Amino acid sequence: MHLMLKPALRRAWRGRNTVQFGVTPAHAVTLGPMDIATGSFLELLDGTRGLPLLREEARALDLSDRHVDILVSRLTEAGLLDDPDAGGPEADALRLRAEAVERQRPDAAALSVVHPAPGSGLRRLAARRAMRVQVRGAGRVGAAIAAVLSGSGVGHVEVLDGGRTEPWDVAPGGLPASSVGERRDTAARQLVRRSAVGGPPPHPVGTSRAPACGEPALSLIVVAPRDGLSVYAPDPDVAAPWIASGTPHLYAGVIEATGVVGPLVLPGGTGCAGCLALNRAEADPQWPRMLAQWKSGRRTCVQACELGLATAVAGLAAAHALSFLDGELPAGTGTRWEAAMPLLDWRSERLAPHPDCPCGAAGHTEVELTSAAAAAQDTMAG
Ligand SMILES: [Zn+2]
């Protein structure tokens, strides 16, 4: 075991005898009291030394073995230590792919801050390789989400859409100008391949929900249709099979000049498309009548979708998806985030489960929700 202070966290002396690790409140930790010699010892924690060598070099700084052991255990408890060799067999396999490791160093550094145990950042990054995500929609938002997921190491990213690429589908990070006129699904598949971190994904992990074709079960569906109304007012019938199969799904899209990320639906645990429709009809009896008109009315050929907003929605949705795939419950769980131009201040609205919705989320407690999510993660991990 080689000990290394997590390089992602900047260090600074806070006063004479306290060290702060990290800048932002979300992950910053302070440790003290700490003397100058101990501060010098911290410089030795760069991943090149094991504990015996560290003790030996600490003696030269007049620090006892006991002092070193206590300090190391405090740093470990605070989640500040990493081990460049830890993380288990999946992380070892990832380390062998030098190009992938180099490309994903910033991602690994970020995950090392989020997940405290040594090696757990790289382990989660490596686990993404066996995961399968379906992105439904290959417009400005959907294609960019698929590219980001693929570039973030998700091993199996499939994109579903129909028709051919139109000039207005083109976006930096999404479908390229050269794909105009090609089938959208083909263009998106090529985009996913180009964005991938490199090398074919490993043999999929077996799970109880794995379909017969040998592909791993879907860890997540991202619903990012080109028609923003399908995100703003998602169709419960479309989501019914995902609710029935217990497949988590996340909505993201742009309608008019408003971007929407969420909700991430954990079937039976959080509010779903059906809950949303029921809540809206209760709050506004005219809602169903208007929705029917919007769905059936004459549609203009090109929908409004500002590129900056579409890119922001894609990025935020991909980050929520990755956080979920890494085993967390991001703020989009059971909640919609919306930003409208020109202010673009993100606002959240919790989507309450509706007691009449067949999804059964109403009546579940937060504790049940957390354990349901943990069970879903266990299933994914195989
Ligand atoms: Zn529901």
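The following exchange takes up how several descriptions of this predicted model are reached.

Reader: What kind of model is this, and how are its residues numbered?
Author: This is a predicted model, in which local features need pLDDT of at least 70 and side-chain atom pairs count only at pLDDT 80 or more, while totals for chains, interfaces and linings use all residues. Residues are numbered from 1 along each chain as its sequence is written, and side-chain values use heavy atoms, with hydrogens and water left out.

Reader: What makes C272, C275, C357 and C359 donors of the zinc ion?
Author: Donors are N, O and S atoms within 2.8 Å of the metal (3.2 Å for Na, K and Ca), and because water is not among the atoms, sites may look incomplete. The SG atoms of C272, C275, C357 and C359 coordinate the zinc ion at 2.3 Å, so they meet that limit. Along the chain these donors follow the spacing C-x2-C-x81-C-x1-C.

Reader: Why is the arrangement around the zinc ion called tetrahedral?
Author: Four donors count as tetrahedral if all angles lie between 85 and 135 degrees. The 4 donor atoms here subtend angles of 101 to 122°, and the arrangement is therefore tetrahedral. For comparison, the ideal angle for four tetrahedral donors is 109.5 degrees.

Reader: Why are C272 and C275 called buried?
Author: Buried means under 20% relative accessible area, exposed over 50%, and partly exposed in between (1.4 Å probe, protein chains only). C272 has a relative accessible area of 4% and C275 has 0%, so both count as buried.

Reader: Is T165 buried or exposed, and where is T165 placed?
Author: With a relative accessible area of 2%, T165 is buried. T165 is in the loop between strand 7 (156-160) and helix 9 (184-195), where helices (H or I, at least four residues) and strands (E, at least two) are DSSP runs numbered from the N terminus. Contact means heavy atoms within 4.5 Å, and beyond its neighbours within four places in sequence, T165 is in contact with residues including L175, V180 and A187.

Reader: How do you know that strand 10 and strand 11 pair?
Author: Two strands pair if DSSP finds at least two bridges between them. Strand 10 (residues 258-265) and strand 11 (residues 335-340) have 4 bridges in the antiparallel sense, so they satisfy this condition. Within this pairing, V261 stands opposite W337 in strand 11.

Note on methods: Four donors count as tetrahedral if all angles lie between 85 and 135 degrees; four count as square planar and six as octahedral if opposite donors are over 155 degrees apart and all others between 65 and 115; anything else is irregular.
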